[in-house]
Amino acid sequence: WKTEATMQPGPWGPGGKMSGTQDCTWFDGGWQLVCRESSEGAMGKMKSEAVLGWNGEEKVYKYMGFDSMGMMGSATGTLSGNTWSWAGEDKMGGKLIKSKYTITFTSPTTQTYKWETSDDGGKTWKTAAEGKATKS
């Protein structure tokens with residue numbers, strides 16, 4: 001996938017435009033998808049890795065990821081039609097931050113995504129990033 005996003009300033013950095021590539025492959029057994037991304041932009045170069053998969057014990061989709069900027073995150077997800085909705089909470093800059101991440105497949109080869117965060121327990125949400133990806 002080729003990715004483009006606009007990050008807003010926050011505990012993760014100053015924000016700005018980013019572009020990159022993402023490669024996802026199925027892990028042996030077919031239960032987890034392993035994704036590696038390289039991107040760059042106003043915040044410099046970044047690499048990330050994530051695992052998405054079905055947790056049969058808990059009967060939910062799970063996400064676990066980390067990046068070269070020192071961030072680590074986890075979330076649980078649901079699928080409805082062509083939209084994935086992920087929710088998690090992690091510490092960033094010493095604060096507990098709730099996150100919502102929505103991915104909508106607009107076609108088999110394109111998707112849009114939006115990352116929203118809340119630092120007040122989910123009362124108010126701010127857009128942290130928005131972007132799109134195109135299958136290459």
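1. Strand β1 and strand β10 (residues 126–134) run antiparallel and are joined by six bridges. One of the pairs to look for is Glu4, whose bridge partner in β10 is Lys132. Please keep in mind as you browse that this is a predicted model.

2. On its other pairing, β1 is joined to β2 by six bridges, and these two strands also run antiparallel. Here Lys2 stands opposite Thr21 in β2. The side chains of β1 (residues 2–7) alternate along the strand. Thr3, Ala5 and Met7 point to one face and are buried, whereas Lys2, Glu4 and Thr6 point to the other face and are not buried.

3. Met7 brings us to the interior. The largest nonpolar core has ten residues, and Met7 belongs to it together with Trp12, Met18, Met43, Met46, Met92, Ile97, Trp115, Ala128 and Ala129. A second, separate core has eight residues, including Ala75, Ile103, Tyr113 and Ala133. In soluble globular proteins, nonpolar side chains tend to be buried together.

4. Ala128 is a handy place to start exploring that ten-residue core. Leaving out residues up to four places away in sequence, Ala128 touches Thr6, Met7, Gln8, Trp12, Trp115, Glu116 and Thr117.

5. Glu116, one of the residues that Ala128 touches, deserves a second look. Glu116 sits in strand β9 (residues 110–118). Glu116 is buried but has no salt bridge. How far away is the nearest side chain of opposite charge? That side chain belongs to Lys100, and the distance is 4.1 Å; a salt bridge would require the atoms to be within 4 Å. Besides Lys100, the contacts of Glu116 outside four places in sequence are Lys98, Ser99, Trp125, Lys126, Thr127 and Ala128.

6. Salt bridges do occur elsewhere, with a count of four. In one of them, Glu49 pairs with Arg36, their closest N and O atoms being 3.5 Å apart. Glu49 lies in strand β4 and Arg36 in strand β3, so this pair ties together parts that are 13 residues apart in sequence. Both partners are partly exposed, Glu49 at 29% relative accessibility and Arg36 at 45%.

7. Another salt bridge joins Asp119 to Lys95, with 3.4 Å between the closest N and O atoms. This pair links distant parts of the chain: Asp119 is in the loop between β9 and β10, while Lys95 is in strand β8 (residues 95–107), 24 residues apart. Asp119 is partly exposed at 36% relative accessible area, and Lys95 is partly exposed at 44%.

8. Lys62, in strand β5 (residues 60–67), forms a salt bridge with Glu58, the closest N and O atoms being 3.2 Å apart. Lys62 is partly exposed at 24% relative accessibility, as is Glu58 at 45%. Beyond four places in sequence, Lys62 is in contact with Val51, Leu52, Gly53, Asn55, Ala75, Thr76 and Trp86. Among these, Ala75 is part of the eight-residue core. The C-alpha atoms of Lys62 and Gly88 are 9.8 Å apart, with their positions 26 residues apart along the chain.

9. Two loop residues round off the tour. Which residue has a positive phi although it is not a glycine? Lys59 does, with phi at about 60°. Lys59 is in the loop between β4 (44–55) and β5 and is exposed at 57% relative accessibility. Asp28, in the loop between β2 (16–26) and β3 (32–41), is exposed with a relative accessible area of 72%. The C-alpha atoms of Asp28 and Trp86 are separated by 24 Å.

Methods: Residues numbered from 1 in each chain as written. Predicted model: local features only at pLDDT ≥ 70, side-chain atom pairs only at ≥ 80, totals over all residues. Heavy atoms only, no water. Core = buried A, V, L, I, M, F, W, Y, C linked by side-chain atoms within 4.5 Å. Buried < 20%, exposed > 50% of the residue type's maximum accessible area, 1.4 Å probe, protein only. Contact = heavy atoms within 4.5 Å. Helix = DSSP H or I, 4+ residues; strand = E, 2+ residues; numbered from the N terminus. Lys, Arg positive; Asp, Glu negative; His and termini not counted. Pairing = 2+ DSSP bridges.
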